[in-house]
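Thanks for opening this one up with me. Have a first look below, and then read on at your own pace.

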Amino acid sequence: MTVLDLKIADASKLTADIRTITADIIKNSIKSSDNVNIKIKGKASASSKMVWIILAVGIMLGVGFNLVLKNMITRPVSALRELMKKAESGDLRVYSEIETNDEIRELSDSFNMMIDGVKELIADSKNVGNEVKEEAEILASSVTESSAVIDSISKNARVIKGHSEENVERLKEF
């Protein structure tokens, strides 16, 4: 059972205990009220008001406790969700600083590691892109040099061909 599950179970148990105590208080107040009604009818309305006050206080305590517990869980999860939305839109400068002692902190730490991993992948991709660009420039330079050499060889081959044809013609004249 996780820390979060234990906290939720504790909150649920405390809420149930508050309800039980409130119910016992109400039962006891009602019994007191009945006894007082029997003995003194004039004080019956005061006891009834007390029961309603105790009931209202018990309900407010239960609701307040539930809200506090809910905020302890939902606030960090909501903050992490907002960071995820920013990262999703391309803002990789986000960093989660959730400082709880449960699974939410582990999730926060994993989020930070994921963002760092994405940053490393992007940096590696840029480095590979730069290396490919440098190699392409070297290759383009080599192609240009090779093209110049081939053009020179082609011109020289035409000159040699021309001279060869002249020599053949001269040999035919002899």
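Here are some numbered points to guide you through the model.

1. A word on origin before anything else: this is a predicted model. Please keep that in mind while you read, as every value in this note was computed from it.

2. Let's begin with the overall fold. The protein chain contains three helices and zero strands. If you follow the sequence from start to end, the pattern is α-α-α. Two of these helices come back in the points below: helix 2, which covers residues 44-88, and helix 3, which covers residues 103-173.

3. How much of the chain is buried? Of its 174 residues, 17% count as buried. The surface that the protein chain exposes comes to about 13,500 Å², and 62% of that is supplied by carbon and sulfur atoms.

4. Contacts are worth a look too. Take the contacts in the protein chain between residues at least 6 apart in sequence: 60% of these join residues at least 24 apart.

5. On the surface you can find a nonpolar patch of about 500 Å². Its members are Met50, Ile53, Val57, Met60 and Leu61. If you would like a starting point for finding it, try Ile53, which sits in helix 2.

6. Helix 2 also holds Arg75. Is Arg75 buried or exposed? It counts as exposed, because its relative accessibility is 58% and the cut-off for exposed is over 50%. Arg75 and Ile98 are 23 residues apart along the chain, and their C-alpha atoms are separated by 9.8 Å.

7. Now turn to Asn112, in helix 3. Its relative accessibility is 5%, so Asn112 counts as buried; the limit for that label is under 20%. Which residues does Asn112 touch, leaving aside those up to four places away in sequence? They are Tyr95 and Ser96.

8. Helix 3 is also the place of Glu137. Together with Glu131, Glu134 and Glu135, Glu137 forms a patch of negative charge on the surface. With a relative accessible area of 48%, Glu137 is described as partly exposed, because exposed would require over 50% and buried would require under 20%.

9. To pull helix 3 together: Asn112 there is buried, whereas Glu137 is partly exposed. In helix 2, Arg75 is exposed, and Ile53 belongs to the nonpolar surface patch. Those four residues make handy landmarks when you turn the model around.

Terms used
Residues are numbered from 1 along each chain as its sequence is written. This is a predicted model: local features need pLDDT of at least 70, side-chain atom pairs count only at pLDDT 80 or more; totals for chains, interfaces and linings use all residues. Side-chain values use heavy atoms; hydrogens and water are left out. Patches are made of residues with over 30% relative accessible area and no salt bridge: like charges are joined within 9 Å, nonpolar side chains (Val, Leu, Ile, Met, Phe, Trp, Tyr) within 5 Å. Accessible areas come from the Shrake-Rupley method with a 1.4 Å probe; for residues, only the protein chains shown count as cover. A salt bridge is a side-chain nitrogen of Lys or Arg within 4 Å of a carboxyl oxygen of Asp or Glu. Lys and Arg count as positive and Asp and Glu as negative; His and the chain ends are not counted. The place of a charge is taken as NZ of Lys, CZ of Arg, CG of Asp or CD of Glu. Helices (H or I, at least four residues) and strands (E, at least two) are DSSP runs, numbered from the N terminus. Buried means under 20% relative accessible area, exposed over 50%, partly exposed in between (1.4 Å probe, protein chains only). Contact means heavy atoms within 4.5 Å.
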